Amino acid sequence: MKPADQFLNKKMNRKLFNPSKKEVSRFRTIWISDLHLGTTGCQATRLLEFLQATESETLYLVGDIIDGWQLKRRWYWDQAHNNVVQLVLKKAKKGTNVIFVPGNHDEAVRQFIDLDFGGIKVRDELIHVTAQGKRMLVLHGDRFDGVIACAKWLAYVGDSLYTMILKFNQVLNTWRARLGLPYWSLSQYLKLKVKNAVSYISSFENALADEARKRGLDGVICGHIHKAEIRDIDGITYCNDGDWVESLSALVEDANGALRLVSWHEIVLGEQAIEEMPELVMASNLHA
């Protein structure tokens, strides 16, 4: 199976980021999660372009960076995945504060909590203070997922099903691209149509907001469910940075402390190009 990058609409290749042009977007902080390196679903080339096109004082890797679940079933490691790891290490060496908060797919790294490797700090969770003084809980979020906590075997089943959906989606969208049709996500369709999936996401978001409230914090920043979002939940700011399987999104903090979501389309292609590109919609929580 080809990596997901090869199934994107060819129009997206008209303007790729050229680091020599120094078209760099600078932020105080960047959060990315759910890269799923080690799978064909990871859009590593697009992620590499995003990382080349951005700079930040702090870079949070909010879990599911390397997909240990999939690597146990079938080894896959493209050169683009190596390039991503090498670039992150390079950023750390050059002074970026890189913090890795492991998730359920890379849970093996949790045995190294509070250690530093190659300039990358491994932490279970932590509190980030924005330039506006807001205190935000940062964690992957899988421990607030009832499926992971109570029926891990079901999470493995869901992961396998999601992988099958992604493979089907890749083939389907190859033909759609040849016909000039935009990208379409089966996982997004199922997420919107299946009532239980909508309820699951809402419960997850509310649980994390409640945890931040109990700790007397202003908000929470997480990943896990592949649904990029910023919203207020009864006075608590809930932020999810999305994923790099379909949505190609990140959460950023600017110099003034404002939080917003950005995408590969915006950072690499530029705002004028976004409207011309087929939307890469967010994946469902089945891969969480």
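Okay, let's start with helix H3: its buried residues pack against H1, S2, S3 and S5. Bear in mind that this is a predicted model.

So which residues of H3 are buried? They are Ala80, His81, Val84, Leu87, Val88, Lys91 and Ala92. Those residues cover an arc of only 140° around the axis, which puts them on the same side of H3. Here's the general background: an α-helix has 3.6 residues a turn, so residues three or four places apart point the same way.

The length of H3 works out too. With 15 residues at 1.5 Å a residue, H3 should span 21 Å, and the end C-alpha atoms are 21 Å apart, which agrees.

Now the two ends. At the start of H3, Asp78 has a side-chain oxygen that comes within 2.9 Å of the backbone nitrogen of Ala80. After H3 you'll find Gly95, with a positive phi near 115°.

On to the sheet. It's an open one with seven strands, ordered S4-S5-S3-S2-S1-S11-S12, and the pairing is mixed. At the edges sit S4 (116–117) and S12 (259–263), each pairing on one side only. Helix H1, residues 44–52, packs on this sheet and touches S1, S2, S11 and S12, with its direction at about 140° to that of S1.

How much of H1 is buried? Seven of its nine residues are, so to speak, mostly covered. Among them are Leu47, Leu48 and Phe50. The buried residues of H1 pack against S1, S2, H3, S11, S12 and helix H8.

Last bit: S1 and S11 run antiparallel, joined by three bridges, and Ile30 has Val252 as its bridge partner in S11.

Methods
Residues numbered from 1 in each chain as written. Predicted model: local features only at pLDDT ≥ 70, side-chain atom pairs only at ≥ 80, totals over all residues. Heavy atoms only, no water. Pairing = 2+ DSSP bridges. Helix = DSSP H or I, 4+ residues; strand = E, 2+ residues; numbered from the N terminus. Contact = heavy atoms within 4.5 Å. Axes fitted to C-alpha atoms, helices over the stretch in contact; angles between N-to-C directions. Buried < 20%, exposed > 50% of the residue type's maximum accessible area, 1.4 Å probe, protein only. Expected span 1.5 Å × (residues − 1). Arc of directions from axis to C-beta. Polar contact = N/O pair within 3.5 Å; in protein donor to acceptor, adjacent residues only side chain to side chain.
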